[in-house]
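Q: Got a minute to go through a model with me? I'd like to poke at a few spots and then step back to the overall layout.

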Amino acid sequence: MWTANLAAFLLGGGLYAWFLLLPQLAQLPRSTGFGYGASVVAAGLYLLPCALGMGVLGSMAGRVERRFTSRRALVAGAAVSAVACGWLTIASRHPYDMLISSTLLGIGIGLAFAALGNLIVQAVPAQQTGVASGMNTVLRTLGGALGGQIAATFVVGSTAHGLPELAGFSRTFAMAALFLGSCVVAGLLIPAPASSAPTPGPGPTATLDPGLTSDCS
């Protein structure tokens with residue numbers, strides 16, 4: 001449980017930092033040299049690939065778990081999400097950079113969130129799944145609160161003429177990538193599911209002694 005909860009905390013930290021900054025980056029005026037000058041609606045549309053990716057990958061969680069295991073899905077999802085944040089660390093001046101990052105993050109988070117739910121259910125007795133799932137959600141939210149506050153600190157600490165500078169955003173996306181990279185490590189620490197023991201076959205079928213049969217008849 002502690003490894004899955006640690007992964008949830010780190011996943012939340014990286015995800016919420018990305019979600020907090022991406023609309024702000026899109027709405028900054030073009031005069032900054034890196035903002036897109038997008039409206040509120042257009043900034044929201046940059047998040048659409050992420051939402052679609054999460055929906056599609058989340059709906060495929062059962063098939064992914066049966067084929068690759070939830071542990072591998074979590075590790076892969078966190079790794080793809082780290083790449084999504086790392087992308088904006090080095091390239092964020094064009095709208096397609098944000099769309100690429102949004103698509104990758106939707107795929108990664110869709111895999112990781114669904115995998116976390118499966119891992120929690122597999123790790124505890126049936127009567128404790130509600131408590132365990134709730135605790136995992138709380139830790140993910142706490143991670144998100146921490147990531148969001150660090151992101152705000154980076155952006156506010158790097159301003160010029162009342163507007164954020166690119167350095168603050170780059171530091172935040174690098175921090176989010178670090179959170180998600182650490183989530184990969186936490187996912188690797190989750191114990192692999194034990195292989196199921198072979199089911200013993202039926203014992204030898206008892207046969208009646210022909211002599212007993214003839215005596216009974």
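Q: Let's start with Leu45: buried or exposed?
A: This is a predicted model, to say that up front. Leu45 has a relative accessible area of 51%, and the cut-off for exposed is over 50%, so Leu45 counts as exposed.

Q: Which helix is Leu45 in?
A: Leu45 sits in helix α2, which covers residues 40-45.

Q: And how far is Leu45 from Leu99, C-alpha to C-alpha?
A: The two C-alpha atoms are 9.3 Å apart, while Leu45 and Leu99 are separated by 54 residues along the chain.

Q: OK, zoom out. How many helices and strands are there in the chain?
A: The chain has nine helices and two strands. Reading from the N terminus, the order is α-α-α-α-α-α-α-β-β-α-α.

Q: What share of the chain's residues is buried?
A: Of the 217 residues in the chain, 40% are buried.

Q: What about contacts between residues at least 6 apart in sequence: how many of those join residues at least 24 apart?
A: That share is 77%.

Q: Now the largest nonpolar core. Which residues touch the most other members?
A: Trp18, Leu74 and Leu105 do, out of 54 residues in that core.

Q: Which helices each supply at least two residues of this core?
A: They are α1 (2-27), α3 (48-59), α5, α6, α7 (129-156) and α8 (166-189). The biggest giver is α1, with twelve residues.

Q: Any general background on that sort of grouping?
A: In soluble globular proteins, nonpolar side chains tend to be buried together.

Q: Back to Leu105, then. What is Leu105 in contact with, leaving aside neighbours within four places in sequence?
A: Leu105 contacts Leu15, Trp18, Cys50, Ser81, Ala84, Cys85 and Gly110. Trp18 is also one of the residues that touch the most other members of the core.

Q: Let's do helix packing. How do people describe a pair?
A: Two packed helices are described by the angle between their axes and the distance between the axes.

Q: Fine, so at what angle do α5 and α6 cross?
A: Roughly 155 degrees, with the axes coming within 7 Å; α5 is residues 70-90 and α6 is residues 95-123. Angles over 145 degrees count as roughly antiparallel, so that is what α5 and α6 are to each other.

Q: What's in that α5 with α6 contact: how many nonpolar, polar and charged residues?
A: The contact has 19 nonpolar, seven polar and two charged residues. As for handedness, the α5 and α6 crossing is left-handed.

Q: And α7 with α8, what angle there?
A: Roughly 155 degrees, with axes that come within 8 Å. That makes α7 and α8 roughly antiparallel to each other. Their crossing is right-handed.

Q: Which residues make the contact?
A: On α7 they are Leu146, Gly147, Ile150, Ala151, Phe154 and Val155, and on α8 they are Gly168, Arg171, Thr172, Met175 and Phe179. By type, the contact of α7 with α8 comes to seven nonpolar, three polar and one charged.

Q: Thr172 caught my eye. Buried or exposed?
A: Thr172 counts as buried, because its relative accessibility is 0%. This threonine belongs to helix α8.

Q: What is Thr172 in contact with, leaving aside neighbours within four places?
A: Ala17, Leu21, Ala151, Phe154 and Val155.

Q: One last helix pair: how do α1 and α7 pack?
A: Their axes are 6 Å apart, at an angle of about 40 degrees. So α1 and α7 are oblique to each other, and the crossing is right-handed. In the contact of α1 with α7 there are 14 nonpolar residues, eight polar and one charged.

Q: Switching to Asp97: buried or exposed?
A: Asp97 counts as buried, since its relative accessibility is 4%. Asp97 lies in helix α6.

Q: Which residues does Asp97 touch, not counting those up to four places away in sequence?
A: Trp87, Leu88, Ala91 and Ser92.

Q: And Thr69, what's its phi?
A: Phi of Thr69 is near 75 degrees, which is positive in a residue other than glycine.

Q: Where is Thr69 found?
A: Thr69 is in the loop between α4 (61-68) and α5. Its relative accessibility is 27%, so Thr69 counts as partly exposed.

Definitions and conventions: Residues numbered from 1 in each chain as written. Predicted model: local features only at pLDDT ≥ 70, side-chain atom pairs only at ≥ 80, totals over all residues. Heavy atoms only, no water. Axes fitted to C-alpha atoms, helices over the stretch in contact; angles between N-to-C directions. Helix = DSSP H or I, 4+ residues; strand = E, 2+ residues; numbered from the N terminus. Parallel < 35°, antiparallel > 145°, perpendicular 65-115°, else oblique. Left-handed = near helix turned anticlockwise from the far one by under 90°. Nonpolar A, V, L, I, M, F, W, Y, C, P; charged D, E, K, R; others polar. Core = buried A, V, L, I, M, F, W, Y, C linked by side-chain atoms within 4.5 Å. Buried < 20%, exposed > 50% of the residue type's maximum accessible area, 1.4 Å probe, protein only. Contact = heavy atoms within 4.5 Å.
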